[in-house]
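Colleague: Could you take a close look at one part of this model for me, the packing of helices in the first chain, and then show me what lies around it? I would like to follow it with the structure open beside me.

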Amino acid sequence: MQSNCWRSSCWPRVRSVATSLALGLALLGAAVPAASAETQVRVAMTAADIPDWTGAPDQGYEGYRFVGFSLYDSLVLWDLSRSDVAADIKPGLAESWSIDPNDHKRWIFKLRQGVKFHDGCAWNADALIWNYRRTMDTTAPQYNPRHHAGQSWLIVNIAKIEKIDDYTVALITPIVDSLLPYEVPGWFQISPCAVEKVHNDYAEYAKAPMGTGPYKFDKVVAHERLELVKNPDYWDKSRVPKHDRLVLLPMPEASTRAAALLAGQVDFVEAPSPDTIPKLKSAGMNIITVPYPHNWDYQVRADRPPFSDIRVRRAANYAMNRAEMVEMLQGVATEGYGKFIESQPYYGNPVKYTYNPDKAKALLKEAGCLPCKITVGISTSGSGQMQPLPMNELVKEQLEAVGFEVTIDPIDWNSLVDVYIGGAKKYPKYDAINVSLSSIEPLQGIMKSSMTRYQTPNGFNWGLYSNPEVDALGEAALAEFDTPKRNAIIAKMHEKLVDEAYEVFIVHDLNPRALSPKLKGFVQAQSWFQDLTPISVSP
Amino acid sequence: MWLYAARRVLFTIPIGLGVTIICFALIYLAPGDPVQSLLPPDATANDIAQLKHYYGLDKPIPVQYILWLGHALTGDLGISIQTNRPVTDEVWRALGNTVSIATISAVLAMIIALGLGIVAATNIGGWADRLATAIAVFGVSVPTFWLAVVLVIVFAVQLGVLPATGMGSKGSNTFSWFEWSEARYAVLPIVAMTLTPLGILMRTTRASLADILSQDFIQTLRAKGLSETAVIRHAIANALPQILAMFGLQLGYLIGGSILIETIFTWPGTGFLLNKAILTRDIPLLQGTILVLAMAFVGINLIVDLIQTLVDPRIKRI
Amino acid sequence: MSDIPADAVRLAQAAPTAHRVRGYWSAVWNRLRYDYVTLLFLALIVLIVLSAIFAPYLAPLDPNKSSMASRLKPILYKSFILGTDEQGRDILSRLIWGGRTSLLMGIAPVFVATIVGGFFGVLAGYAGGKLNSAIMRTMDVFFAFPSVLLAVAISGSLGSGLINQMITLTIVLIPPICRVAETATTQVRTMDFIDAARASGASTASILVRHVLVNVLSPVFVYSSTLVSASILLASGLSFLGLGVSPPTPDWGLMLSTLRQSIYVQPLVCALPGVTILVTSIAFNLVSDGLRQAMDVKA
């Protein structure tokens, strides 16, 4: 084939054709879908896919926040109605609970009467026990390994459930566990009738899932959207949704979420990236932030140098210029000086490692670690990780300014979670990792990450931190059933852990959300979880 | 020719087998645990082992391959770890969404490229040639994902005339090409997808046409007194097999390489599925999607080859 | 994302038709020196490459020095000639430094793939028979994947990072180069002048070097040069998907990806990495085309 080359000997100036294209497309634009009488709230989630809706949500806590607590209830629920105090627990499918005065391993739960699942199936002690076996009993026909994998961690401290009468049960704990009520919210109760109807086939059940929650399942378009409708018969009349339909859309890309909100395709956006906030505000969107117990911090290996030396741990804490981090994040975070936030009853009065580079340098020198070489495992994205790349770059810079020498190893989120669960010993490469987690309650918040018996792989004390004083405080708290007294012990434990600098505390996420001006009445709770039911939609 | 066709068809079998091996092997290079994403951060090692057993991920790899291949041959690509639905259904549904926009983009690119290519080839060195060539060079040089982001900002956010994301106002189930309120969701993805094949097809058209127009028989036709339009029509007919072949390849590339565009526009096709599978380490879904896409590509290549043999008997390949 | 030019086979089939051993390169140069567009863009590429090589001397500021006070500043703000990024780092310096990674991604995989693919292609073409079948059928399997799909599959499996990205791109590029080399070699092998050389008693090695290689070299070289732009685009696409180099390494694709979040704050500044990729890609495309023409490899 003879060619005269597809270019001739000279190229014209490359001209943009965008202008004419733009005009053409602008003419095509106009059509807008007709408004219907039904009101809907369309939520853009950060999740990569629609979280599981059969009762064991995945995709991080977003699955619990939007799918789990919408379709289902737990024995105990989080009270998400206020934004001025840290969210605490409240009765859910159990009306009340108390510890057996004669046996501190026996909790008595009174179940709520008159509650029906969406399919009319009755909620009672049998349903609870059926659900327990679904999650824990491998011999039960309704046993679901996925549900076990996703939910058993919530009820590991329930060894057995005894039926006392139709609406009274005893939960037997293997250890003395005063915090049990804080552990069970999130263990969702699904309708036994609905599962039996499809002969325990959960793929079938997924087509018509039945819970007791404030929303009912309507339809799903795989990977694209989950549509729920309001449950007008919800047992808690104050939480019957004030809109007809809740549409959940997975949108992992922050810029896509922002564009979708600006283009009017969604009404409620999770975690808009800080730099889109000014644009969203100028377009009339409401930006809502609230402090909540979420830690963006570094877990450090306390069992080997350099972080086995408390001076090095403190130096890292003093090196953090948290104000600068907050500024970079455009104010969507607050400075973090501990695992809990001040509005929680467990905060206490811990020491504060305010930015002090000179002290940090002095401590490192004293510890004889100069330059102090460390390798940090971070993720490139992930639920609750905020903006991991730029944030870790800044941490690296701040640490290096005082004499650390930091190697950042960015891996994908699932691999980092693998490192976290697998434990420090399995991945000896890392001196620290950046896995951010919530501390809405004490057990998850500090105990499982600091007590010796929760060292990985038996808990998530990744850094293999071990301190007899901390262990004693933890055990004491678990054995104390008087809430104020227990809180005091936990606060003391928190003070001790902060003093020990057992982690590098950096910031607490404010979890910004952007809402269309059409949405009214949303109250952002100080929690990972949120209640969407009060939202009303103005046309 | 029939012999060639038969051999060509037979030839795809070992290729297909090779493809399955690659698909299967790739996944095991992966770091991280495939069932991890299903589990809460504090799941125990025991939970993980139990779940792996449930999905058969604890068997030796060759055994897993044979099992997987056997099932794949019967159209069973396993169950998606994320959604618990058959991978075959997932990929099939997504493939339709990808094929539709890819085909429209390829056809659109072809039409524009033919127009531009003809103008260019008949005015070599002229301003029309230069403009057409500039468009083509832009098309093959622009990072299309970047262009896609710009399109979203201009048309969805600033002008507000087209949607930024998704397929249809109620999801792909209710999407329709025949209602503007739905079809408008496809406009930006198609525009972003069209540019690269447009550049390549324009280049092919121009080169083959220019080549044919410079050959002796065209001079003969002209000498015979044929009108210039008739001459060009004749030249196009001669260049067509080549252009068609390139069209087929481009269509295959669009279908197989849609991951960036579909990710940006949240268009629920195979590329989007692939990205989700990578993000969530959904091994059966990842394997299934790659396998189906590669097989589709092999199939398109086969068809293109056969058509080419049919329309252009001069081609005799071994 | 641009795909790998698909006309590999045709390009090679149309390869050498005559002895081009002597006087060939001077003829090429003669053609090239009057092709001002190619020379102009060649100069641009040289400029970009030099600025990447001499980044430490040319970059006005430290590409990794961030400052929260001066984040996302416009073009010509104080000493920041092209503004700053989301961490207040100098965009111009990062673009200059980023050229190192991005050009490396464009050139190194093509280079390695040309050697490896070229070697196997020539081997297959010259040996023929079973060896040819073994090599080429293996390549055919890789051809069954569209390049983007193959890159995503390998990269998605290996994980992100500079080395993994280079490995991915190299693997993706080897099969087409191998095919071009094989086709060209097969054609050259069957030509009369090889028989003549054989008849005159030349050794296999000398035939390979003097005739086969020389005649195969130009189509392979030209074809490889068309791949540089494709490789740059592919690399930036992988970075965009989070499968590329790790931050804070300055890299055009990565810059493009992260600055996307800030596009509403500084649209112009955030468009710069995209423009840089576009211009570089255009330059490589035009130059490879000019080369193709000058070297008289028919397309």
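Modeller: Happy to; here is a walk through that helix pair, its flanking loops, a sheet elsewhere in the chain, and a helix pair in the other chain. Please keep in mind that this is a predicted model.

Let us begin with helix H10 of chain A, residues 310-319, and helix H12 of chain A, residues 357-367. Their axes come within 8 Å and cross at roughly 160°. An angle over 145° counts as roughly antiparallel, and H10(A) and H12(A) are therefore roughly antiparallel to each other. Their crossing is left-handed. On the H10(A) side, the contact is made by A:Arg311, A:Val312, A:Arg314, A:Ala315, A:Tyr318 and A:Ala319. H12(A) answers with A:Pro357, A:Lys359, A:Ala360, A:Leu363, A:Leu364, A:Glu366 and A:Ala367. Sorted by class, the residues of this contact are 9 nonpolar, no polar and 4 charged.

The loops beside these helices deserve a look too. Most peptide bonds are trans. A cis bond, however, joins A:Pro305 and A:Pro306, with omega about 0°. A:Pro306 sits in the loop between strand S13 (294-300) and H10 of chain A. Another cis peptide bond links A:Leu370 and A:Pro371, where omega is about -10°. You will find A:Pro371 in the loop between H12 and strand S15 (372-379) of chain A. A further backbone detail is A:Asn200, which has a positive phi of about 60° although it is not a glycine. Its loop runs between helix H6 (192-197) and helix H7 (202-205) of chain A.

Next comes a sheet in the same chain A, open and built from 4 strands in the order S4-S5-S7-S6, with antiparallel pairing. Strand S4 (94-99) and strand S6 (160-165) stand at the edges, each with a single partner strand, so one side of each has no neighbour in the sheet. On average, neighbouring strands are turned by 25° against each other, direction ignored. S6(A) is joined to strand S7 (residues 168-172) of chain A by 5 bridges, and the two run antiparallel. Within that pairing, A:Glu162 has A:Ala170 of S7(A) as its bridge partner. Helix H3 of chain A, residues 125-136, packs on the sheet and touches strand S5 (106-111), S6 and S7. The direction of H3 makes about 170° with that of S6(A).

How far can you trust chain A? Its mean pLDDT is 87, and 93% of its residues reach 70 or more. Residues 1-35 are another matter, with pLDDT under 50 throughout. Where pLDDT is low, the predicted coordinates should not be read in detail.

Finally, set a helix pair from chain B beside the one we began with. Chain B has 13 helices and 0 strands, and its C-alpha trace spans about 85 × 55 × 35 Å along the principal axes. Helix H10 (residues 228-256) and helix H13 (residues 283-311) of chain B pack at about 175°, with their axes 9 Å apart. That angle makes H10(B) roughly antiparallel to H13(B). Among the residues that meet there are B:Gly248, B:Leu249 and B:Gly252 in H10(B), and B:Phe297, B:Ile300 and B:Asn301 in H13(B). By class, this contact has 10 nonpolar, 6 polar and no charged residues, whereas the contact of H10(A) with H12(A) has no polar and 4 charged ones.

Methods
Residues numbered from 1 in each chain as written. Chains lettered and ligands numbered in written order. Predicted model: local features only at pLDDT ≥ 70, side-chain atom pairs only at ≥ 80, totals over all residues. Heavy atoms only, no water. Axes fitted to C-alpha atoms, helices over the stretch in contact; angles between N-to-C directions. Parallel < 35°, antiparallel > 145°, perpendicular 65-115°, else oblique. Left-handed = near helix turned anticlockwise from the far one by under 90°. Contact = heavy atoms within 4.5 Å. Nonpolar A, V, L, I, M, F, W, Y, C, P; charged D, E, K, R; others polar. Pairing = 2+ DSSP bridges. pLDDT = per-residue confidence, 0-100.
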